[in-house]
Amino acid sequence: MKLNANFQNLEQSYLFVTIAKKVNAYTAAHPENQLIRMGIGDVTLPLAPVVVDAMHRAADEMGKKETFRGYSPDSSGYPFLREAIAGYYGSFGVDVQPEEVYVGDGAKSDVGNIVDIFDNANTILVPDPVYPVYVDTNIMSGRKIVYADANKENGFLPMPQKGHPVDIIYLCSPNNPTGAVYNKEQLTAWVDYALEQKAVILFDAAYECFVGPGLPRSIFSIPGAEKCAIEFGSLSKTAGFTGMRCGYTVIKPQLQVDGVQAAQLWERRQGSKFNGVSYVTQRAAEAVFSPEGQRQIQENIAYYKRNAQVMVQAMKDMGLWYTGGENSPYVWFQCPNGMGSWEYFDYLLGEKEIVGTPGEGFGKNGAGCMRLSAFGDAEKTVEAMERLKRG
Ligand code: PLP
């Protein structure tokens, strides 16, 4: 027996472990602390009432013989939810058909599992800094990874580089960790590049609900993307589903290699390794996309956006270089006075009692940067920014 030796090539997950250790040590030494945690990417507001009602109703159905549901007839999701998600895309002018939607238990699983349908010999392009799942899942299967440098010069929005052949391209917009958002022109350049390279774009749209008018919320708003892209959506940040677990993958039938549809392989993969999202969760997710659900979740999104605005204003007031915050729940900024990420992290923790996430935990280009999240409490966000501005 041999274990998968590729696992030895994974970086130890130092980032959040180290943060937790430092925070625990600080709180133990300062029991009266007033820590404000802006490091986590988890949401804090509860589910919308319409979602909770839908869960109650679904739970009642599960408790009666006549309406009980066992295994879902299709691991790709109940038609009511696939239709609701297709309708959601339609609401912002993107054509997605219900049968192109594959419901899953979150974008993390789908983004991680999609690699099953691709050959291990493919070369992978990921931005640096990056959401670590893209890197780790490809290291686990031994693929070659090349990096697209995101930095201050390109606004943390790397663009295609000619002469670097790649097969699979990861894009995330709005981006975690940088909060940067591609515009239509930039995404068109990526789609054209992918078509020319015969590459596929894996587009992580987990934060699309934060995108304001005039910027793309879906890669499928770009002509040609249907032939070269797969999109991942999530209800985690959109509707507070981090603990519920529901997301979706969209694959168009036009995405084919040698007459084989990528969608067929994904369906086959899911059919073999996944038994679908629970009925109760799918009914809850359906409620998110109802008119009342949309109205209610918009209140929560607006709350987080107001937090982001407070953070952006603080960056402006302090004259710090930043990105994100406008169409994203993350603000990514350059640490003041040339401080390194960890140095500034320690300063924020010790002097300001604020917990951030050091940028270099997301890749070498994150060195000297910090990520703050807008998913916290409004009053605490205001207080944290006041503390920062006090110098
Ligand atoms: N994609 C990105 C870029 C994320 O930042 C996250 C969560 O933080 C996810 C996906 C995970 O989403 P889900 O909760 O749907 O698995």
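Two strands count as paired if DSSP finds at least two bridges between them. Helices (H or I, at least four residues) and strands (E, at least two) are DSSP runs, numbered from the N terminus. This is a predicted model: local features need pLDDT of at least 70, side-chain atom pairs count only at pLDDT 80 or more, and totals for chains, interfaces and linings use all residues. Residues are numbered from 1 along each chain as its sequence is written, and side-chain values use heavy atoms, with hydrogens and water left out.

Start with the whole protein. It holds 12 helices and 15 strands. Its C-alpha atoms fill a box of roughly 60 × 55 × 50 Å along the principal axes. The radius of gyration, taken over C-alpha atoms, is compared with a globule rule of 2.2 Å times the number of residues to the power 0.38. For 391 residues a compact globule would come near 21 Å, and the protein has 21 Å, so the two agree.

Now the sheets. Strands of a sheet pair through backbone hydrogen bonds, either parallel or antiparallel. One open sheet has 7 strands in the order S2-S8-S7-S6-S5-S3-S4, with mixed pairing. Its edges are S2 (101-104) and S4 (144-149), each paired on one side only. The twist averages 20° from one strand to the next. Inside this sheet, S3 (residues 123-128) and S5 (residues 168-172) run parallel over 2 bridges. Ile-124 has Ile-168 in S5 as its bridge partner. Helix H8 (residues 262-273) lies across S2 and S8 (247-251), at about 145° to S8. Axes here are lines fitted to C-alpha atoms, for helices over the stretch in contact (heavy atoms within 4.5 Å). Angles run from 0 to 180 degrees between N-to-C directions.

Another open sheet has 4 strands, ordered S11-S12-S15-S14, with antiparallel pairing. S11 (322-324) and S14 (357-358) are the edge strands. S12 (residues 330-334) and S15 (residues 369-373) pair over 5 bridges. Here Val-331 stands opposite Leu-372 in S15. Helix H10 (residues 291-318) packs on this sheet and touches S11, S12 and S15. The direction of H10 makes about 15° with that of S12.

Finally, the ligand. Around it are 14 residues (a heavy atom within 4 Å). Asp-204, Tyr-207, Ser-234, Ser-236 and Arg-245 come nearest. A polar contact is a pair of N or O atoms within 3.5 Å. Side-chain polar atoms of Ser-234 and Ser-236 each lie 2.6 Å from a ligand oxygen. For Arg-245 the distance is 2.7 Å, again to a ligand oxygen. The protein covers 91% of the 400 Å² of accessible area (Shrake-Rupley, 1.4 Å probe) that the ligand has on its own.

Notes: Polar contact = N/O pair within 3.5 Å; in protein donor to acceptor, adjacent residues only side chain to side chain.
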